[in-house]
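Reader: Hey, got a minute to walk me through this model? I'd like to start with pockets and then poke at the backbone.

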Amino acid sequence: MKYDVIIIGAGSAGCVLANRLSEDPDRSVLLLEAGPDYTFDQLPAELKHDMNQAASEQGADHNWSFVGQASPQNPRSIHVARGKVTGGSSAINHQILLRGAPEDFDAWAAAGNDEWAYQKTLPYFRRLEADADIRDDFHGTDGPIPVWRHAREDWLPLHAAFYQACRDAGFPDDPDMNHPDSTGVGQVPLNNPGGVRMSTAITYLDACRHRLNLTIRANVTAKRVVFDGDKATGVEVESNGESFTVDGDQIILAGGAIASPQLLMLSGVGPADHLRSVGIEPVHDLPGVGRSMKNHPSVSIVYRSQPDHHLAPDAPRNQVGLRFTANGYNERNDIQVQPTTSYPESPTAPNIRVGCRLEYPYSEGLLTLTSADVDVQPHLDFRFLTDPRDTERFRDAVRRTVAVFEHPAFADLLAERLSPTDADLASDDSLDAWLQQNAGIAGHASVSCKMGPSSDPLAVVDQYCNVHGLRNLRVIDAAVMPDIVRANTNATIIMMAERAADFIREGK
Ligand SMILES: Cc1cc2nc3c(=O)[nH]c(=O)nc-3n(C[C@H](O)[C@H](O)[C@H](O)COP(=O)(O)OP(=O)(O)OC[C@H]3O[C@@H](n4cnc5c(N)ncnc54)[C@H](O)[C@@H]3O)c2cc1C
């Protein structure tokens, strides 16, 4: 068993890589996935449709259901959803297809990764999508991921009121949230036409399953990468209780921002002292593995509906969104607000939740091993709000969002605000306490094996995604973002996998 390329993890990045790398019939590709694999016709309903977020609930069939902690000062448990199925987290996510801001990519370039400047990423954002609504230099029309927006006449009353309230509060109209200059309130770009969640399993993997040079093995867990000196030569896996070693000329970790650093460390690649502390003999000392981990801290502002404002169980979740810049800060669009309307109509869940998220967090988390066993999840310390700039901007975000919802357009829809209460909002201290108690995360874990030049002691991969100091080993997924982007992460990760596939084709 020897392959030209072995890809570990069939998620957002892994499915893209499997497709693009197997376009060359002379390259044999093995795609390994710990979860099950479904063709489109076999997809369980909760993966095919959003189904009130059933797929991402803690304990759901295709969710790794990790648990992390908010911060050392506030060790409250936080649920961390990750997809465990072909398509990965794109198979359980909320289908907002929003690109990172141009400034995000230009900052990646300025940090020593010039191949990732916005101008160089744009062709790949275009390549990945077929935008049904917008035709211009910034959008693609024939890529695998279909993108659409809810037309204004189809907006639910809550979204129509939200748009009106935002406009009256002075936020600009944002007709194209993927335009490089975009800000304000507008229709959210989505990758779920007809209510179908278009994961990378559907859009990229189904399109290449027929290729004889592509082998897809689901329900196989990679345990570690095998080395000969500094050269990666294969992967040790577990399949139905049996262990195997499979050889490959190139090994690509695409397990996502939690599994990729975990697998590197289980393979002896990471901070040497930490590895020894859990009984792993280091192969290569790389202090940045598991460091700098980021995610978008998020809170829900919760309202009780008016008695005759009903939410249908199959209502669209997202239609209209708002992005703005926190007062006193310069990072454009560092706040995102999304009212959600897909909760089931039931006595236990009648409330309206408005997601309010910090899109440009400064606080950095830490991922460490607690065991040398792949089946024991790593310790995830998100260290939310440990940087005072994050708390300051989050406060501003919550206050401005609450103010928007005071608009009379909501009078027939919302009966009262349940959380934060007026007492929570009364002072900075009380609001900070509410934030500490309520901040959770989006599913946007990233930057846990960050990309950067070898002069950066915390860089794990170079800008072509090659692991520093080792041969034949790359990481290509959310983990290698040099910093988190100001957007939901799926589109950026797909873009990165598209671009990295070209690097591999070019022998970089
Ligand atoms: C609930 C939720 C909602 C989200 N909503 C949105 C949204 O609306 N818009 C958006 O842009 N982003 C959203 N995201 C984020 C986005 O989906 C993820 O950032 C993205 O899918 C991650 O891609 P990835 O390739 O890095 O990892 P993943 O897609 O998570 O893929 C990793 C794959 O590796 C597999 N794997 C892990 N360990 C092993 C192992 N040891 N052996 C073999 N296989 C392994 C996993 O099972 C998984 O299939 C959401 C995420 C979640 C969880």
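**Pockets, backbone and core**

Author: Sure: the second largest pocket has a volume of about 340 Å³. This is a predicted model, where local features need pLDDT of at least 70, side-chain atom pairs count only at pLDDT 80 or more, and totals for chains, interfaces and linings use all residues. Residues are numbered from 1 along each chain as its sequence is written, and side-chain values use heavy atoms, with hydrogens and water left out.

Reader: How do you define a pocket, and what is its volume?

Author: On a 1 Å grid over the protein atoms alone, a pocket is an open set of points where a 1.4 Å probe fits, with protein on both sides within 12 Å along at least five of seven lines; lining residues have an atom within 4 Å of a point. Points are joined across faces, edges and corners, and the volume is the space filled by probe spheres set on them.

Reader: Which residues of the lining lie nearest the centre of that second largest pocket?

Author: D50, G195, D314, A315 and P316, out of 18 lining residues. The lining divides into six nonpolar, nine polar and three charged. Here Ala, Val, Leu, Ile, Met, Phe, Trp, Tyr, Cys and Pro are nonpolar, Asp, Glu, Lys and Arg are charged, and the others, Gly among them, are polar.

Reader: Switching to backbone. Where is the cis peptide bond?

Author: Between S419 and P420, with omega about 0°. P420 is in the loop between β20 (414-419) and α10 (422-425); helices (H or I, at least four residues) and strands (E, at least two) are DSSP runs, numbered from the N terminus.

Reader: And what is phi for R383 and L385?

Author: R383 has phi near 50°, and L385 has a positive phi of about 55°. R383 sits in the loop between β19 (379-381) and α9 (388-404), and L385 lies in the loop between β19 and α9 too.

Reader: Is L385 buried or exposed?

Author: Buried, at 8% relative accessibility, while R383 is partly exposed at 28%. Buried means under 20% relative accessible area, exposed over 50%, partly exposed in between (1.4 Å probe, protein chains only).

Reader: Which residues touch the most other members of the largest nonpolar core?

Author: I7, F162, V398 and L473, in a core of 135 residues. Helix α12 (residues 490-505) gives the most to this core, with 10 residues. A nonpolar core is a set of buried Ala, Val, Leu, Ile, Met, Phe, Trp, Tyr and Cys residues joined through side-chain atoms within 4.5 Å.
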